[in-house]
Amino acid sequence: MSPYNGCDFFSFFGVFFLRMWQLLFGDLALAGLASDEIQVIVLMCSGVSAALVGSFLVLKKMTMLANALSHTVLLGIVTSFLVFSCFSDHKVFGMSLSVLLLGSLLASFLTTALVELCKKLFSLDEGSSIGLIFSFLFALGIALVTVFAKGVHLGTEAIMGNIDALHVRDIRLVMYTLLASVFAITVFFKYFQILCFDGSFAKSIGLHPGFFHYLLMLLTASASICCFRAVGVFLFLIFLTAPAMCARLFTKKLRSLLILSCVISVFGSLISIAVSRHIYSYYDVALSTAGLSCVILSIMYPAALLVVKMQRNLLKSKVKRKSDSSSKFKKKTSLIDTTG
């Protein structure tokens with residue numbers, strides 16, 4: 001029986017942090033984690049990995065390319081399924097996950113390469129190139145699913161994710177992906193920083209924007225792989241954009257942006273699992289936790305925007321009061337001078 005049965009929103013956090021403390025000090029085995037705990041850990045690691053990459057994508061205004069990657073990955077998944085099915089009778093979700101992930105990675109590189117090729121060959125702007133390649137590869141993936149993957153739960157499980165089917169091995173996958181992203185961003189942080197804010201200066205000092213562009217796409221593909229089992233390849237786009245957009249409202253520094261976006265992503269993951277457990281315990285309604293997490297992250301941006309606007313209005317009112325009081329004081333002093 002799950003230790004979270006009957007937990008409400010607040011008691012969920014008490015049980016969760018107590019068990020994480022036991023896990024940290026060896027009183028709880030990794031294999032003994034409850035389903036809710038696996039979901040939280042996977043969502044948190046996936047969210048942090050996506051938030052780190054998404055911060056650079058938002059700064060470089062490349063979220064449309066990330067959106068294209070989130071859909072064209074379908075082609076890689078279907079292709080890897082078709083190739084693998086020639087040698088095995090396994091269903092998609094039971095087949096080797098590494099094969100699906102390799103297909104997703106290759107599809108991501110194919111998307112990026114074709115977008116750059118269209119820009120050079122046809123003199124298209126980036127938005128038009130992304131729209132053309134995105135539509136073509138996504139439609140091709142849909143056609144392959146329709147023709148060759150009938151009766152397979154490809155859309156429900158492999159594409160939209162299945163957070164309730166997560167296992168302990170998925171924790172290792174997202175941990176490795178997160179560590180790889182953190183390592184790459186730490187090593188190339190200064191170069192990413194220069195390229196995000198001053199591309200012309202980066203070229204003048206000998207940096208190759210193309211290399212770092214493809215490296216960023218590799219990290220984006222890794223983030224999609226990290227979110228693959230939990231939220232699928234479609235919904236992970238909100239994990240890329242929402243935390244970074246929220247964090248950007250509160251800070252202008254890149255390091256602070258990265259840290260704050262990760263904190264927002266972790267907070268959203270915890271809240272979504274707690275809300276899902278609360279609703280299931282008290283109303284016996286099983287909501288899609290992946291969908292709920294995306295909804296919560298989406299709501300965070302207008303909420304953060306509202307907070308920022310309220311702060312600005314309060315600041316303006318304080319400044320106005322100070323200016324009014326100073327003007328009144330000047331009038332009084334001028335009157336005293338004239339009467340004197």
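K61 lies in the loop that separates helix α2 (35–59) from helix α3 (63–85). In this predicted model, K61 has a relative accessibility of 70% and therefore counts as exposed. K61 belongs to a positive surface patch, whose other members are R248, K252, K309, R312 and K316. The greatest contribution to the patch comes from helix α14 (residues 289–339), which supplies 3 residues.

The fold is built from helices: the chain has 14 of them and 0 strands. Of the 340 residues in the chain, 45% are buried. The mean pLDDT of the chain is 81, with 86% of the residues at 70 or more. Among the elements, the highest mean pLDDT, 91, belongs to helix α13 (residues 254–283), and the lowest, 57, to helix α6 (residues 154–159). Where pLDDT is low, predicted coordinates should not be read in detail.

Side chains of opposite charge can pair when their charged atoms come close. The structure holds 3 salt bridges. Two of these involve neighbouring positions in the sequence numbering, D36 and E37, and both of these residues are in helix α2.

E37 pairs with R19 at an N to O distance of 2.2 Å. This contact links distant parts of the chain, since R19 is in helix α1 (residues 9–24) and E37 in helix α2, 18 residues apart. E37 has a relative accessibility of 0% and so counts as buried; R19, at 14%, also counts as buried.

D36 forms a salt bridge with R277, with 2.8 Å from N to O. Here the partners are 241 residues apart, and the pair connects helix α2 with helix α13. D36 is buried, its relative accessible area being 7%, and R277 is buried as well, with a value of 10%. Helix α13, which holds R277, is the element with the highest mean pLDDT.

The remaining salt bridge joins E116 and K119, whose closest N and O atoms are 3.7 Å apart. Both residues are in helix α4 (residues 97–121), and because they are 3 residues apart, about one helical turn separates them. The two ends of this pair fall into separate accessibility classes: E116 counts as buried at 17% relative accessibility, whereas K119 is partly exposed, with a relative accessible area of 26%.

How values were computed. Residues numbered from 1 in each chain as written. Predicted model: local features only at pLDDT ≥ 70, side-chain atom pairs only at ≥ 80, totals over all residues. Heavy atoms only, no water. Patch = residues over 30% accessible without salt bridge, like charges linked within 9 Å, V, L, I, M, F, W, Y side chains within 5 Å. Areas by Shrake-Rupley, 256 points an atom, 1.4 Å probe, with all protein chains shown as cover. Salt bridge = Lys/Arg side-chain N within 4 Å of Asp/Glu carboxyl O. Lys, Arg positive; Asp, Glu negative; His and termini not counted. Charge placed at Lys NZ, Arg CZ, Asp CG, Glu CD. Helix = DSSP H or I, 4+ residues; strand = E, 2+ residues; numbered from the N terminus. Buried < 20%, exposed > 50% of the residue type's maximum accessible area, 1.4 Å probe, protein only. pLDDT = per-residue confidence, 0-100.
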